[in-house]
Amino acid sequence: MSRIENNITEAEELRIQSRRKLLAGFSLTAAASLPALALGSMPTHLIEQRAARVIDRSRNQGFPDTRVTAHTGEVFRFYEDLVHDRVVLINFMSIRREPDLPITRNMARLVQGFGERIGRDIHAFSISYDERDTPERLADFAKSFHAPAGWKFLSTTPEDVISLGYRLYRTEGRFRSAMHSDLIHFGNASVGLWGTMSAEISDVDFAMQRVTSVMPRNATAGAQLRRAGPRRFDSEGPVIHHRESSGES
Amino acid sequence: MPKRRDVLKLGAMAGGLGMTSSGALARGAVPQSGLVFPQGFTPSIFERPSPPSTPFKDPLYRMPVAEPVNPASLNPNPDGRRHQRFYDFPPAKYYREVIQERRWRYHSDPPYADGSWSYTMNGSIPGPTYHAYYGEPVFVRRINRLPDVGQGKVPFALPSTTMHLHNGHTASESDGIPTDFMNPGEFWDHHYANFPAGFDDREIMNTLWYHDHRLDFTAPNVYAGLSGFYLLFDDLDSNNENDPNPDAFRLPSGEYDIPLIFHDVQFSEDGQAIFDFFAAGEPPGVTEKSPDDSSPSTIYRGTDNITLFGMLGDKITVNRIIQPFLDVEARKYRFRLLNGGPSRFYNFWLRLERADGTVIDNHPGLKFYIVSNDGNLLPEPIEAENVEVWVANRYDVIVDFSAFEPGDKVYLVNRMDMRRDGAGPTGRLLDEGELAMRFDVMPAVGEDPSRIPDFMRELPDINMDEVRRERTWVFDYDNGLWTVNGNLMDANRIDANIEQGSAEIWTIRNAGNTWAHPIHTHFEEFQILEINGRPVKDGELKRSRKDIIELGPNMEIKFFGRWRDFFGTHVMHCHNVVHEDHEMMIQWRIVPPGQGD
């Protein structure tokens with residue numbers, strides 16, 4: 001027993017020490033966090049009620065079907081109109097934070113990579129978590145990235161941003177102002193298949209492959225087996241994997 | 001924990017080993033339907049628990065031993081130009097493993113009896129157990145016959161897989177790294193050379209496993225079924241308890257050598273496995289920070305549903321059967337314990353129930369002789385009353401049922417209290433715990449020729465002169481995302497270029513103060529030098545060859561590692577596979593001498 005008891009004691013001690021450190025430091029970064037921006041001075045119990053109302057876990061894969069406004073001025077129900085039968089890319093952003101956390105720039109590379117498939121096979125949504133990002137400002141922002149029609153910049157109420165963030169990160173309100181990295185979510189909502197990748201995209205082709213992995217490949221059933229890999233050492237291919245180049249059998 | 005020899009010397013078999021929880025003798029060992037959670041919290045496994053199932057109704061599943069195939073039956077033929085050192089280690093055996101969606105019966109009660117849709121290997125989950133031998137290289141062709149996205153019955157998993165041989169001293173292209181995936185209708189060839197690292201017999205490994213490692217989708221894919229055992233034998237651990245070789249260890253073998261893989265699973269009301277990231281806990285809300293809350297977030301609190309942290313199921317399955325039983329003879333058995341994840345850790349103990357219903361927690365026979373750590377035989381067996389098994393940990397243990405009477409029932413009890421969000425243990429030991437499986441003691445059929453050896457494998461030397469450099473890896477949390485040295489995983493980024501043949505010292509640090517990470521690095525076993533600045537001493541369980549770091553809150557661990565025999569890219573990551581999928585992974589590459597960073 002002694003081994004276990006000692007471990008508990010050690011772990012508890014360390015926990016208490018670090019708790020003290022954190023308590024001293026947390027308030028410095030809290031000021032501009034998403035929850036602070038979103039909630040303002042709204043009473044706690046109202047937020048709780050609101051969140052409980054918009055997130056119905058038995059429907060819509062848990063997505064809040066909140067009303068969102070696109071940078072085009074159009075108003076949508078987030079799940080029913082934009083997501084429910086589609087392959088989608090979703091990220092959270094703020095115009096003000098873009099220089100520090102260039103997530104929209106990376107989304108733009110991905111969207112550009114997909115070209116005409118955006119708006120047809122794949123739909124992209126960038127959700128602002130900053131109240132200051134009005135549809136008008138988002139329209140200018142979208143224009144600066146040459147956003148095609150299938151890429152919409154969405155804004156909504158602070159509470160609904162929190163609810164959407166809660167669904168996608170499956171975590172509590174987050175300190176986006178203090179974040180150094182973020183995720184791009186991709187999913188096939190008609191199947192219920194969801195994944196994430198780092199928003200720091202260093203290889204657009206590979207990032208596109210990750211997204212298309214949640215789409216049907218429409219391979220003919222019973223077709224001849226195809227070798228995925230490893231490829232021969234004398235053949236060309238990317239350094240990051242050993243797959244055959246596409247088309248080779 | 002005493003070494004076995006010391007205990008024998010002292011004859012102190014009974015003293016001081018017993019569990020002292022109150023009421024341990026009085027209550028029945030009646031199985032509990034759920035796990036013990038802190039008050040005031042209702043995780044989804046309570047809110048929408050799996051349908052009930054009669055405990056210990058179904059026998060333990062014994063996976064079939066994989067059967068070799070004629071290489072001529074593989075079309076196209078195996079091609080040595082695709083594998084490093086293929087011609088140095090020409091395959092002696094060839095296998096074909098087909099991955100398909102099939103129903104799997106986790107239990108015989110309804111609704112489970114109709115089967116749960118799963119990703120199976122040759123129709124089985126866990127997959128077939130490979131029996132491989134040092135000196136006999138193996139070739140495995142894996143074929144993905146899963147249905148296309150949207151066509152299958154397992155909505156949460158991705159029908160694209162890469163199979164990693166966990167522990168294997170395997171070249172990058174056969175290792176099953178996250179980016180080497182195969183889609184439906186595709187196959188991948190794996191070459192397992194089955195030689196010890198550096199051709200050093202002290203590097204021989206014995207209990208390995210294979211599992212999916214698909215980029216972004218490892219947690220759901222393993223959960224859907226993709227895991228199995230790969231056992232390696234050699235002249236000493238020879239798979240023969242009657243081995244006439246005087247040096248052979250003669251550990252319990254054959255029928256008495258049983259791999260046990262643990263997965264905790266949640267099921268829907270119609271008995272289908274659900275990977276329920278989202279529905280756990282209460283809806284989000286906002287509460288004030290409580291005084292004992294150490295997280296930096298202050299305003300938006302109140303949800304217990306932080307399931308990016310982990311995925312806990314409420315049914316503990318052993319070899320994919322819910323709470324099975326196993327008839328055992330009153331003799332020694334070798335159990336190969338493996339935590340297959342996704343996120344739950346286990347702390348296993350044994351509990352005895354006599355035929356008259358008396359429950360005994362401190363019988364001298366209720367102990368494990370731990371013979372391996374992470375599948376690698378120890379210098380000497382270690383006797384212990386419990387064994388802590390983090391995700392991907394493997395411990396081979398010997399349990400000697402000759403200490404019990406026919407008619408006795410021995411329970412394998414999990415007493416680990418996990419954080420409700422799945423991110424690690426609470427540090428508390430559950431009083432009663434959850435009964436994972438039951439051993440029903442029968443009379444021994446014959447003599448027990450097996451042994452618990454006094455000495456097994458010596459550890460390889462740690463030669464500091466070989467150390468070319470040190471590296472530090474900090475595992476942390478960035479507002480909902482899991483990071484290593486501040487970064488999320490990027491398949492296009494190599495985080496370390498290691499020179500082949502060199503040794504390095506790595507410091508693995510947990511910057512988090514409440515969560516725990518089982519950190520796994522591929523390719524070669526390492527030896528831990530220090531835990532929180534304290535050297536690991538001879539005779540301790542962690543004085544062993546390992547591939548998992550049990551990185552508790554605020555811990556710092558230093559290890560000595562070597563990288564030999566092959567070139568190429570591998571990964572290190574958290575083996576709480578939910579953390580892994582949410583980017584807690586780095587890539588390192590073995591490069592020729594002179595090209596390292």
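**Exercise 1.** Into which domains is chain B divided?

*Solution.* The model is predicted. Chain B has three entries in its assignment: domain 1 (4-53 + 264-442), domain 2 (71-234) and domain 3 (464-591). Domain 1 is written as two stretches, 4-53 and 264-442. As for secondary structure, chain B comes to 5 helices and 34 strands. Of its 597 residues, 56% are buried.

**Exercise 2.** Describe how domain 2 of chain B meets domain 3 of chain B.

*Solution.* Start with the distance: the C-alpha centres of the two domains, domain 2 and domain 3 of chain B, lie 24 Å apart. Next, count the residues in the contact: 20 come from domain 2 of chain B and 19 from domain 3 of chain B. Then look for helices on the domain 2 side: α3 (172-175) and α4 (218-223) of chain B each supply at least two residues there. Last, sort the residues of that side by type: 9 are nonpolar, 7 polar and 4 charged.

**Exercise 3.** In which order do the 4 strands of the open sheet with β7 of chain B lie, and which are the edge strands?

*Solution.* The order is β3-β8-β7-β5 (chain B), with mixed pairing. The edge strands are β3 (127-133) and β5 (163-166) of chain B, since each pairs on one side only. From one strand to the next, the twist averages 20 degrees. Now take one pair: β5(B) and β7(B) are antiparallel and share 4 bridges. Strands of a sheet pair through backbone hydrogen bonds.

**Exercise 4.** Is B:W209 buried or exposed?

*Solution.* First place the residue: B:W209 is in strand β7 (residues 207-212) of chain B. Then count its surroundings: 26 other C-beta atoms lie within 10 Å. The cut-off for buried is 20 or more, so B:W209 is buried. Now list its partners. Beyond four places in sequence, B:W209 is in contact with B:H166, B:S227, B:G228, B:F229, B:Y230 and B:L338. One of these, B:H166, has B:W209 as its bridge partner in β7(B). Finally, compare sequence with space: B:W209 and B:G168 are 41 residues apart in sequence, and their C-alpha atoms are 8.6 Å apart.

**Exercise 5.** Check the span of helix α8 of chain A at 1.5 Å a residue.

*Solution.* Helix α8 (residues 158-169) of chain A has 12 residues. The rule multiplies 1.5 Å by one less than the number of residues. The expected span is 16 Å, and the end C-alpha atoms are 16 Å apart, which agrees. As a further step, consider burial: 12 of the 12 residues of α8(A) are buried, so the helix is largely enclosed by the rest of the structure. Among them are A:P158, A:I162 and A:Y169.

Definitions and conventions. Residues are numbered from 1 along each chain as its sequence is written. Chains are lettered from A and ligands numbered from 1 in the order in which they are written. This is a predicted model: local features need pLDDT of at least 70, side-chain atom pairs count only at pLDDT 80 or more; totals for chains, interfaces and linings use all residues. Two residues are in contact if their C-beta atoms, placed from the backbone, lie within 7 Å. Two strands pair if DSSP finds at least two bridges between them. Axes are lines fitted to C-alpha atoms, for helices over the stretch in contact, and angles run from 0 to 180 degrees between N-to-C directions. Domain bounds come from an automatic or database domain assignment. Ala, Val, Leu, Ile, Met, Phe, Trp, Tyr, Cys and Pro count as nonpolar, Asp, Glu, Lys and Arg as charged, and the others, Gly among them, as polar.
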